Amino acid sequence: MNWSIFEGLLSGVNKYSTAFGRIWLSLVFIFRLLVYLVTAERVWSDDHKDFDCNTRQPGCSNVCFDEFFPVSHVRLWALQLILVTCPSLLVVMHVAYREAREKKHREAAGEDCGRLYPNAGKKRGGLWWTYVCSLVFKAGVDSIFLYVFHSLYPRYILPNVVKCHAAPCPNIVDCFISKPSEKNIFTLFMVITAAICILLNLVELAYLVSKRCRECLAARKASSYKQDDLFSGDLIFLGSDTPPPLLPDSPPDHMKKTFL
């Protein structure tokens, strides 16, 4: 794995995120990705080999293991982490698209031309919607995976003994899971961190939406104040004896140039 490329992507995501987004990124990278890479894969590496059933019937252990573990925890977590981190990379790609478009515009129109984006990384317009949709997608993915884990393993707990009666087992057999306590600890840790990430996404979403609403209200108030000032100026002229200044019938030359 090329850590320099990964570090560049993380720095780009961190640059264009809010304070809540930076906390979310640290939580995902330190408490989820590193724990998954360093410890989780080792804990679940021998789950099939050490899954033992009290029968010698050929194929019974494999069938019981597949019935209780239809999908491995490690593979589910890998898919979850990939889907959760992809939307943040889309935000970086959107900013890179803005910067490339701004560069082409300046090359075509010259350095003294007006800018398409005053700040390519500022969350305005389409970038704001991209960022908001990424938050909704990340919270939705984590919620779906928590539901899937709860459906496969009720209360996210692995029992010590599993009762299995699937064919070709001759009768109900007892199967034993390798290191269930250790696996339960890591499962609960990943579940809790995922729940915290969902909470951070929702808080950041509420922060962005409320900030945008406040900006819209402030802009409306400013426009209403300007209209009130214009109306009050007209009333002042109506209430005075001196008529308001009027434009001449033939404007001066410098005004003609301005109009053209």
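This tour moves through the aromatic pairs, one pocket and two charge-over-ring contacts of a predicted model.

**Aromatic cluster**

Begin by selecting Phe51, Phe65, Phe68, Phe69 and Tyr153, which together form one aromatic cluster. The structure as a whole holds ten aromatic pairs. Within the selection, display the rings of Phe65 and Phe69: their centres are 5.0 Å apart and their planes stand at 35 degrees, so this pair is classed as tilted. Next, keep Phe69 and add Phe68; these two rings meet edge-to-face, with 4.9 Å from centre to centre and 85 degrees between the planes. With a surface displayed, consider Phe65 and Phe69: are they buried or exposed? Both Phe65 and Phe69 are buried, and Phe68 is likewise buried.

**Second largest pocket**

Now select Thr18, Lys122, Lys123, Arg124, Trp128, Tyr207, Leu208, Lys211, Arg212 and Glu215, the residues that line the second largest pocket. The space in this pocket amounts to about 150 Å³. Colour helix 6 (residues 180–239) separately: it supplies the largest share of the lining, five residues. Colouring the lining by class then shows six charged, three nonpolar and one polar residue.

**Charges over rings**

Remain at the pocket and isolate two of its lining residues, Trp128 and Arg212. The charged end of Arg212 sits over the ring of Trp128, at 4.9 Å from the ring centre. For the final stop, select Trp24 and Lys138. Here the charged end of Lys138 lies over the Trp24 ring, 3.8 Å from its centre.

How values were computed:
Residues are numbered from 1 along each chain as its sequence is written. This is a predicted model: local features need pLDDT of at least 70, side-chain atom pairs count only at pLDDT 80 or more; totals for chains, interfaces and linings use all residues. Side-chain values use heavy atoms; hydrogens and water are left out. On a 1 Å grid over the protein atoms alone, a cavity is a set of points where a 1.4 Å probe fits but cannot get out, and a pocket is an open set with protein on both sides within 12 Å along at least five of seven lines; lining residues have an atom within 4 Å of a point. Grid points are joined across faces, edges and corners, and a volume is the space filled by probe spheres set on the points. Helices (H or I, at least four residues) and strands (E, at least two) are DSSP runs, numbered from the N terminus. Ala, Val, Leu, Ile, Met, Phe, Trp, Tyr, Cys and Pro count as nonpolar, Asp, Glu, Lys and Arg as charged, and the others, Gly among them, as polar. Rings of Phe, Tyr and Trp (its six-membered ring) pair if their centres lie within 6.5 Å; planes under 30 degrees apart count as stacked, over 60 as edge-to-face and the rest as tilted. Buried means under 20% relative accessible area, exposed over 50%, partly exposed in between (1.4 Å probe, protein chains only). A charge sits over a ring if NZ of Lys or CZ of Arg is within 6 Å of the ring centre and within 35 degrees of the ring normal.
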